[in-house]
Amino acid sequence: ALSRRGMLLGGAAAGAGFAALTACTPRPDEQLEDALLDVGSDTVPFFGEHQAGIATKPQAFATFAALTLRDDADADAIRRMLQVLTDDASRLTQGRGALADTEPELAVTPARLTVTLGFGPALVRRVAGASAVPTWLKPLPAFGIDELEDRWTGGDLLLHVAADDQVTVAHAVRMLLKTARATAVPTWRQSGFRRSRGSEEPGTTMRNLFGQVDGTVNLRPGDDDFASGVWSEEGWLKGGTSCVLRRIRMDLDGWDRLDTPGRDQAMGRRQSDGAPLTGEHEFDEPDFEAMGPHGFPVIPDFSHIARARGDDPRPTMLRRSYNYDDDTVGARDGEITDAGLLFLAYQRDVDEGFVPVQRRLDELDLLNQWTTPVGSAVFAIPPGCQEGGFIGDTLF
Ligand code: HEM
């Protein structure tokens, strides 16, 4: 940082004269500092029709923590927990310490912090009985490609905590887990990342650790089909949605051995710029009918995008994934990394949005050769709440 500021200052001083510059415009290092402060002080409203953290532009860091309800946690205990979690989240996301915050100093940098709660089937059943559980709120069907591990699978309560600052995320997660611990115990925790805020142009589609532009064909907040594709209209879940979290290991060592044409064929898009193999730019419509000189489709039938897309080209889910790159504990013999995607999909109905796509990819997708689902969880994401209410209050 020092050398960058030094360079900025040096360049400006040489061009304009340092004294004159400081008299009329902020010095470049002050501009840099202002920009940094904006990143830290930015907030996302907590209360509203929908929970924040879904239509929110993805923050740089996210932690997903799943908890299991204690055996003696009844509906009253769950209500109390949700009330305090809501209170904690409403404060922390606005840059204030939680009520019982032991380190309120860490809360003053909200950095667009959002806290999104999700419910597994057991929580819904315990509060409101089996009839309140949406038909899709259950473990996904078993897929042939799955190598699921218990340590990344299932859960009764999901805490999805995200911000543009990792310290903020760590502090908020700890506060929320402390609040929940009388009622629910942590079962797994997974953290992921994207580019830091300010590293690239706002609106740039993220890249995953294979290097691919990932998220081009997607439901986009503000588009006509976003609300109908994502937000539920059903009963207590009206204004909420569903969340599928798949931990998908990516074999970076195997991917290393694949050349660029091989990589592009597996995806049906170019790694360099994300354009379909039949187009020039990222957002060009792929032409699945186009034939190459040898009579084969330019976008192979076995490619990921050919298989992911059904007969109807409209997206059926909001994909909002995060990269993970953990230490080598989970890596297989001889591999350097344990990396992949925390694949997140939000849709009003899992059986209509996610499952048909995953079935097609399970049957055939060249990308499966380098990707393996190792964790899986499904949650109902209740709607947002107004001040005085709490997340999940429509269930009680
Ligand atoms: C498209 C990567 C798993 C559904 C894409 C694209 C990339 C990609 C690079 C092209 C750009 C884009 O439109 O976003 C990956 C990787 C995966 C993975 C690396 C695993 C590690 C999945 C899973 C699903 C899925 C599990 C759903 C079950 C889709 C869909 C599209 C897509 C629906 C858009 C297809 C279209 O053009 O209509 N994926 N993906 N992907 N992926 Fe995946």
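Which residues is glycine 384 in contact with, leaving aside its neighbours within four places in sequence? In this predicted model, the contacts of glycine 384 are Phe47, Gly48, Glu49, His50, Gln51 and Gly239. Glycine 384 is found in the segment after β9 (371-381). A distance between C-alpha atoms illustrates the link across the chain: glycine 384 and phenylalanine 47 are 337 residues apart in sequence, and 6.3 Å apart in space. Glycine 384 is buried, because 20 other C-beta atoms lie within 10 Å, and 20 or more is the cut-off for that class.

Glycine 239 appears in the contact list of glycine 384. The place of glycine 239 is the loop between α7 (224-230) and β5. Its contacts, with neighbours within four places in sequence left aside, are Glu49, His50, Trp231, Pro383 and Gly384. Glu49 and His50 are thus in contact with glycine 239 and also with glycine 384. Glycine 239 has 18 other C-beta atoms within 10 Å, so it is classed as partly exposed. The C-alpha atoms of glycine 239 and glycine 48 are separated by 9.8 Å, with their positions 191 residues apart along the chain.

**Chain and confidence**

The protein chain contains twelve helices and nine strands. Of its 396 residues, 40% are buried. Contacts between residues at least 6 apart in sequence join, in 75% of cases, residues at least 24 apart.

Mean pLDDT for the protein chain is 92, and 90% of its residues reach 70 or more. Over residues 1-23 pLDDT stays under 50, and the model has 14 contacts beyond four places in sequence for this stretch. For the complex, the predictor gives an ipTM of 0.99 and a pTM of 0.92.

An unreviewed UniProt entry places the feature "domain: Dyp-type peroxidase N-terminal" at residues 51-194. Over residues 51-194 the chain is 28% helix and 22% strand, and the C-alpha atoms at the two ends are 21 Å apart.

**Strand β2 and the loop before it**

Strand β2 covers residues 114-119, and six of the six are buried, so the strand is largely enclosed by the rest of the structure. In a regular strand the side chains alternate between the two faces of the sheet. In β2 both faces are covered: Thr114, Thr116 and Gly118 are buried on one side, and Val115, Leu117 and Phe119 are buried on the other. The strand pairs with β3 (residues 157-163) in the antiparallel sense, over six bridges. Threonine 116 has histidine 160 of β3 as its bridge partner.

The loop between α4 (75-92) and β2 holds alanine 111, and arginine 112 lies in that loop between α4 and β2 as well. Most residues other than glycine have a negative phi. Alanine 111 has a positive phi, near 45 degrees, and arginine 112 has a positive phi of about 60 degrees. Alanine 111 counts as buried because it has 24 C-beta neighbours inside 10 Å. Arginine 112 counts as buried because it, too, has 24 C-beta neighbours inside 10 Å.

**Surroundings of the ligand**

There are 25 residues around the ligand, and those that come nearest are Gln212, Thr216, Val217, Ala308 and Arg309. By class, the shell divides into 13 nonpolar, eight polar and four charged residues. At least two residues of the shell come from each of β5 (241-250), α10 (304-308), β8 (338-347) and α12 (355-363).

Proline 300 lies in the loop between α9 (260-267) and α10. Not counting residues up to four places away in sequence, proline 300 touches Gln265, Gly268 and Ala306. Proline 300 is buried because 20 other C-beta atoms lie within 10 Å. Between the C-alpha atoms of proline 300 and leucine 277, which are 23 residues apart along the chain, the separation is 9.4 Å.

**C-alpha distances for three residue pairs**

| Residue pair | Separation along the chain | C-alpha to C-alpha distance |
|---|---|---|
| glycine 384 and phenylalanine 47 | 337 residues | 6.3 Å |
| glycine 239 and glycine 48 | 191 residues | 9.8 Å |
| proline 300 and leucine 277 | 23 residues | 9.4 Å |

Key: Residues numbered from 1 in each chain as written. Predicted model: local features only at pLDDT ≥ 70, side-chain atom pairs only at ≥ 80, totals over all residues. Helix = DSSP H or I, 4+ residues; strand = E, 2+ residues; numbered from the N terminus. Buried ≥ 20, exposed ≤ 12 C-beta atoms within 10 Å, placed from the backbone. Contact = placed C-beta atoms within 7 Å. Near = placed C-beta within 6 Å. Nonpolar A, V, L, I, M, F, W, Y, C, P; charged D, E, K, R; others polar. UniProt positions renumbered as here; feature names shortened; annotations may be inferred. pLDDT = per-residue confidence, 0-100. Pairing = 2+ DSSP bridges.
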